[in-house]
Amino acid sequence: MRIEQRIEEAIAPLREKIRDLEQSFSQKYPPVKFLSEKDRKRILITGGAGFVGSHLTDKLMMDGHEVTVVDNFFTGRKRNVEHWIGHENFELINHDVVEPLYIEVDQIYHLASPASPPNYMYNPIKTLKTNTIGTLNMLGGFVHFFQPKVHPQNEDYWGHVNPIGPRACYDEGKRVAETMCYAYMKQEGVEVRVARIFNTFGSRMHMNDGRVVSNFILQALQGEPLTVYGTGSQTRAFQYVSDLVNGLVLLMNSNISSPVNLGNPEEHTILEFARLIKSLVVSRSQIQFLPEAQDDPQRRRPDIRKAKMMLGWEPVVPLEEGLNKTIQYFSRELEHQANNQYIPKPKAARMKKGRPRHN
Ligand SMILES: O=c1ccn([C@@H]2O[C@H](COP(=O)(O)OP(=O)(O)O[C@H]3OC[C@@H](O)[C@H](O)[C@H]3O)[C@@H](O)[C@H]2O)c(=O)[nH]1
């Protein structure tokens with residue numbers, strides 16, 4: 001056999017391996033649309049590794065934009081965006097929005113803030129700083145809602161907040177964030193969009209999130225009692241995360257600078273949620289009644305007529321479908337945890353009793 005032929009035979013398997021590797025690299029990312037320079041935007045998402053932010057990242061990446069995620073990983077996780085790491089349109093920056101960031105972009109979705117009550121109450125000063133100084137630094141504010149005195153809540157409703165209660169760090173933080181947005185709009189001509197986001201659930205909620213949907217699903221899956229705070233007669237209306245993300249993008253690309261509610265108006269009592277989740281999981285868990293949480297809003301339901309009329313937006317994912325997807329997600333998370341993969345133990349910083357840092 002000629003020497004060339006021998007060499008050729010020896011390297012043939014290597015060539016094949018290289019081809020496989022190349023293929024696996026090019027298939028590594030979810031499919032991304034091609035956008036021309038004119039249509040492609042540079043978009044910054046603060047809190048982009050969090051629950052809502054990471055789903056928004058997925059949508060904007062798949063739509064073909066250049067996405068920069070800024071996250072300090074307090075409640076966000078690298079895992080939520082790891083499937084984009086290395087993609088030419090994607091950048092991940094470990095940064096706290098409380099510190100200034102100089103970066104040139106076309107749009108900012110400012111989602112950074114702990115959103116679950118146990119998380120934001122753990123470090124109220126930090127929550128306030130994130131929502132105030134963080135918003136000043138970013139000025140593209142997306143804000144949430146307050147303790148309602150009007151039902152359902154439309155955009156003319158200005159909120160009812162106990163300014164010295166445990167939820168104030170979040171509620172007041174969001175209120176002042178809105179004020180800042182409009183001050184910058186009037187004085188500096190900054191274009192703002194303000195989404196008032198109502199209760200949202202879905203995959204990538206943190207295992208320790210503490211909000212009702214993730215708590216009930218995890219409890220039902222593990223056969224533990226479902227913890228209802230108070231009588232369970234308080235109401236909430238839950239939207240699935242993909243509906244919210246579609247609403248955020250529509251709002252951003254509209255010309256509406258006044259606040260817009262994004263939520264699902266289908267309202268249920270918390271006890272109804274407990275029973276529904278128990279039956280969807282087919283769980284034998286008991287329902288356990290615990291003391292009512294302080295300042296807990298008794299009724300909450302968005303009036304979304306404005307979003308419907310001006311954005312042509314309304315939620316499309318039925319509650320049970322969204323819950324089933326979320327149940328599947330948490331089942332997989334529990335499996336991973338059981339296999340000791342991926343899921344880190346709860347961070348000491350979030351759990352420890354001492355005084356939290358709020359730099
Ligand atoms: O285990 C639980 C958790 C919560 N609950 C109750 O379920 C209801 C909903 O509680 P959650 O903690 O999920 O959320 P809340 O409606 O209180 O608002 C929170 O979540 C949405 C965020 O955007 C808000 O910022 C945040 O305040 C409350 O009445 C709460 O007391 C339970 O009964 N059991």
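Reader: Let me start with a residue I can find in the picture: is F330 buried or exposed?

Author: F330 counts as buried, with a relative accessibility of 0%. Keep in mind that this is a predicted model. To read such a percentage you need a cut-off: a residue is called buried when its relative accessible area is under 20%. The neighbour in sequence, Y329, is buried as well, at 8%.

Reader: Now the ligand. Which residues come nearest to it?

Author: There are 21 residues around the ligand, and the nearest are Y170, T227, R236, D296 and R300. By character, the shell divides into 10 nonpolar, 6 polar and 5 charged residues.

Reader: How do I read the polar contacts, and which protein atoms lie opposite the ligand's oxygen atoms?

Author: Look for pairs of N or O atoms, with 3.5 Å as the limit for a polar contact. A polar backbone atom of A115 is 3.4 Å from a ligand oxygen. From the side chain of Y120, an N or O atom lies 2.9 Å from an oxygen of the ligand, and the side chain of R167 also places an N or O atom 2.9 Å from a ligand oxygen.

Reader: What share of the ligand's surface does the protein bury?

Author: The protein buries 97% of the 660 Å² that the ligand exposes when taken alone. Helix α3 (117-122), helix α6 (212-221) and strand β7 (226-229) are the elements that each give two or more residues to the shell.

Reader: Where do R167 and D296 sit?

Author: Both positions are in loops. R167 is in the loop between α4 (124-138) and α5 (168-188), and R167 is buried, at 13% relative accessible area. D296 belongs to the loop between β12 (287-290) and α9 (305-311); D296 is buried too, at 11%. The D296 side chain makes a polar contact of 2.9 Å with the side chain of R236.

Reader: Next, the aromatic rings. What describes a pair of them?

Author: Two things do: the distance between the ring centres and the angle between the planes. Here the count comes to 5 aromatic pairs. Take F201 and Y240: their ring centres are 5.5 Å apart and their planes stand at 70°, so this pair is edge-to-face. F201 is in strand β6 (residues 200-201) and Y240 in strand β9 (residues 239-240), so the pair ties together parts that are 39 residues apart in sequence. F201 is buried at 1% relative accessible area, and Y240 is buried at 7%. Coming back to your opening residue, Y329 and F330 have ring centres 5.2 Å apart and planes at 70°, so this pair is edge-to-face.

Reader: Which residues form an aromatic cluster?

Author: F201, F238, Y240 and F273 form one. A ring can also have a charge over its face: K78 lies over F73, at 5.6 Å from the ring centre.

Reader: Last one: how far apart in space are Q219 and K278?

Author: Read the two separations side by side. Q219 and K278 are 59 residues apart in sequence and 9.1 Å apart in space, C-alpha to C-alpha. Q219 lies in helix α6 and counts as buried, at 11% relative accessibility. For another pair, try R167 and Q286: 119 residues separate them in sequence, and 29 Å in space, again C-alpha to C-alpha.

Methods:
Residues are numbered from 1 along each chain as its sequence is written. This is a predicted model: local features need pLDDT of at least 70, side-chain atom pairs count only at pLDDT 80 or more; totals for chains, interfaces and linings use all residues. Side-chain values use heavy atoms; hydrogens and water are left out. A residue is near a molecule or strand if one of its heavy atoms lies within 4 Å of it. A polar contact is a pair of N or O atoms within 3.5 Å; within protein, one must be able to donate a hydrogen and the other to accept it, and residues adjacent in sequence count only if both atoms are side-chain atoms. Accessible areas come from the Shrake-Rupley method with a 1.4 Å probe; for residues, only the protein chains shown count as cover. Helices (H or I, at least four residues) and strands (E, at least two) are DSSP runs, numbered from the N terminus. Ala, Val, Leu, Ile, Met, Phe, Trp, Tyr, Cys and Pro count as nonpolar, Asp, Glu, Lys and Arg as charged, and the others, Gly among them, as polar. Rings of Phe, Tyr and Trp (its six-membered ring) pair if their centres lie within 6.5 Å; planes under 30 degrees apart count as stacked, over 60 as edge-to-face and the rest as tilted. Buried means under 20% relative accessible area, exposed over 50%, partly exposed in between (1.4 Å probe, protein chains only). A charge sits over a ring if NZ of Lys or CZ of Arg is within 6 Å of the ring centre and within 35 degrees of the ring normal.
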